[in-house]
Amino acid sequence: MSQPIHVGMADLVVSKHPATLITLGLGSCIGLVIFDQISKTAGMVHIMLPDSREAKNIPKPGKFADTAVPLLLEELAKLGVNRSQLRAKMAGGAQMFSLPGKTDSAIFGVGSRNIEATTKMLASAGIRLVASDTGGSKGRSVEFSTETMKFIVKTLGSGTKEL
Amino acid sequence: MMDENSEFTSIHMDAIREIGNIGTGNAATALSRLIGRAVDMDVPVAELVPIYEVTAHYGSPETRVCAVLIRSEELFSCSLMFLIDEEKADILADLVIPMDISGMPDEEKFQMRNSALAEQGNIILGTFLNALSQITGWTLPTTTPAVARDMLGSIMDVVASTFGVMGDSAMLVKTTLHIKGLESDLGGTVIMIPDPGTLETLLAKLGVL
């Protein structure tokens with residue numbers, strides 16, 4: 001297995017085969033991978049927030065769903081992928097704390113707004129989301145390997161899922 | 001309203017640190033009364049940390065932690081978090097459970113410890129907010145506490161995403177409480193997480209903005 005590349009908060013990494021991309025400890029954040037199964041090229045981004053419009057500046061486009069998805073596609077295009085072959089998998093968007101009546105607030109609803117915004121961005125870019133493990137109240141660590149094209153999602157207490 | 005978090009000056013940092021100082025001093029006293037042991041606290045530090053590094057600031061992303069969170073939502077909308085390593089959290093919980101629970105089924109033990117931690121976190125964080133209330137003259141009603149046990153990285157998303165809405169740095173008021181009289185210190189950390197834009201309200205109230 002190739003040396004894993006850690007994708008930190010708001011980071012965006014693309015790579016040709018062979019590569020293993022990992023993101024540890026996602027809470028409300030989203031780990032999104034877009035890949036081309038034929039050329040075995042993949043990219044991962046660690047999205048923190050749904051919408052860049054409230055931000056004063058955007059030093060890291062990977063931070064927001066609305067800027068991360070277009071940039072990820074652009075970076076993958078630079079590696080010569082065939083856009084029609086691209087598929088996506090994602091995990092994250094949990095709500096780590098639950099307080100009665102607070103699920104829709106700006107702070108507590110960020111996980112579900114991240115899921116919604118990312119899904120919407122993928123749909124409008126015409127990228128098929130083939131697997132996802134999102135929501136709930138537990139954190140996740142994710143790993144994607146260009147060898148298997150599997151997205152491995154680990155959760156404390158409930159083990160490992162392979163998407 | 002400030003344009004950039006980078007415009008925080010040392011005066012702002014000092015004002016925030018002073019709140020941390022009084023807040024956690026009171027919190028240490030309250031916790032000490034509750035558990036009947038001496039509780040020391042480190043001098044609070046207020047620092048600006050890039051939001052992308054808040055997890056690394058406290059440990060590694062997959063460290064198992066327990067966090068108690070309460071919110072204040074009227075004049076000053078803000079979350080306060082008490083963060084402690086999970087194994088230490090259980091030792092802390094057991095200090096206030098008045099019976100031996102070692103033989104209980106895991107699920108019951110878990111529930112019992114979580115409610116003990118919710119109460120301890122509530123006292124620590126509520127006392128912190130009381131200090132803030134005294135300094136500002138604001139009435140700051142709080143929510144009931146929420147407890148989460150998970151990976152540090154997932155928990156710290158609350159901090160990073162709240163500060164991240166408007167800027168790229170988090171002003172962390174960090175202080176550690178040490179509980180004496182046990183084989184090892186039980187250190188826990190209090191983190192203040194003002195909602196986007198509200199830190200300025202607080203600084204204005206303190207007369208430093």
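Author: Let's start with a term we will use often: buried means under 20% relative accessible area, exposed means over 50%, and partly exposed lies in between (1.4 Å probe, protein chains only). The structure above is a predicted model, in which local features need pLDDT of at least 70, side-chain atom pairs count only at pLDDT 80 or more, and totals for chains, interfaces and linings use all residues. Residues are numbered from 1 along each chain as written, chains are lettered from A and ligands numbered from 1 in written order, and side-chain values use heavy atoms, without hydrogens and water.

Reader: Then what makes Ala10(A) count as buried?

Author: Its relative accessible area is 4%. Set that against the limit of under 20%, and Ala10(A) is buried because its value falls below the limit. You can find Ala10(A) in the loop between β1 (4-6) and β2 of chain A.

Reader: How do you know what counts as a strand or a helix?

Author: Both are DSSP runs, numbered from the N terminus: helices are H or I with at least four residues, strands are E with at least two. Asn130(B), for example, lies in helix α4, residues 106-136 of chain B.

Reader: And why is Asn130(B) called partly exposed?

Author: Asn130(B) has 47% relative accessibility. That value is neither under 20% nor over 50%, so Asn130(B) is partly exposed. Asn130(B) also has a neighbour to look up: its C-alpha atom is 9.7 Å from that of Ile22(B), although 108 residues separate the two along the chain.

Reader: What about Lys40(A): why does this residue count as partly exposed?

Author: The relative accessibility of Lys40(A) is 25%. This value also lies between the two limits, so the label is partly exposed. Lys40(A) sits in the loop between β4 and β5 (41-47) of chain A.

Reader: What is there to notice in the phi angles of Lys40(A) and Ala10(A)?

Author: Lys40(A) has phi near 55°, a positive value in a residue other than glycine. For Ala10(A), phi is near 70°, again positive in a residue that is not glycine.

Reader: What kind of peptide bond joins His17(A) and Pro18(A)?

Author: That bond is cis, with omega about 0°. Pro18(A) belongs to the loop between β2 (12-15) and β3 of chain A.

Reader: Now the rings. What makes Phe35(A) and Phe144(A) an aromatic pair, and what sort of pair is it?

Author: Rings of Phe, Tyr and Trp (its six-membered ring) pair if their centres lie within 6.5 Å; planes under 30 degrees apart are stacked, over 60 edge-to-face, and the rest tilted. By this rule there are 3 aromatic pairs over all chains. In the pair of Phe35(A) and Phe144(A) the centres are 5.2 Å apart and the planes make an angle of 40°. The distance is within the limit and the angle is neither under 30 nor over 60, so this is a tilted pair.

Reader: How do you know that this pair links distant parts of the chain?

Author: Phe35(A) is in strand β4 (residues 30-36) of chain A and Phe144(A) is in strand β8 (residues 140-145), 109 residues apart. Both Phe35(A) and Phe144(A) are buried. Ring pairs also bring in Phe151(A), which forms a cluster with Phe35(A) and Phe144(A).

Reader: Let's turn to chain B. Why is strand β6(B) described as largely enclosed?

Author: Strand β6 covers residues 169-179 of chain B, and 11 of its 11 residues are buried, so the rest of the structure largely encloses it. In a regular strand, side chains alternate between the two faces of the sheet. Here Ser169(B), Met171(B) and Val173(B) are among those pointing one way, Ala170(B), Leu172(B) and Lys174(B) among those pointing the other, and all are buried.

Reader: Which strands pair with β6(B), and how do you know?

Author: Two strands pair if DSSP finds at least two bridges between them. Strand β1 (residues 39-41) of chain B shares 3 bridges with β6(B), so the two pair, and they run antiparallel. Here Asp40(B) has His178(B) as its bridge partner. Strand β2 (residues 45-50) of chain B is antiparallel to β6(B) over 6 bridges, with Val49(B) partnered by Ala170(B). Strand β7 (residues 188-194) of chain B joins β6(B) through 4 bridges, also antiparallel, and there Ile191(B) stands opposite Lys174(B).
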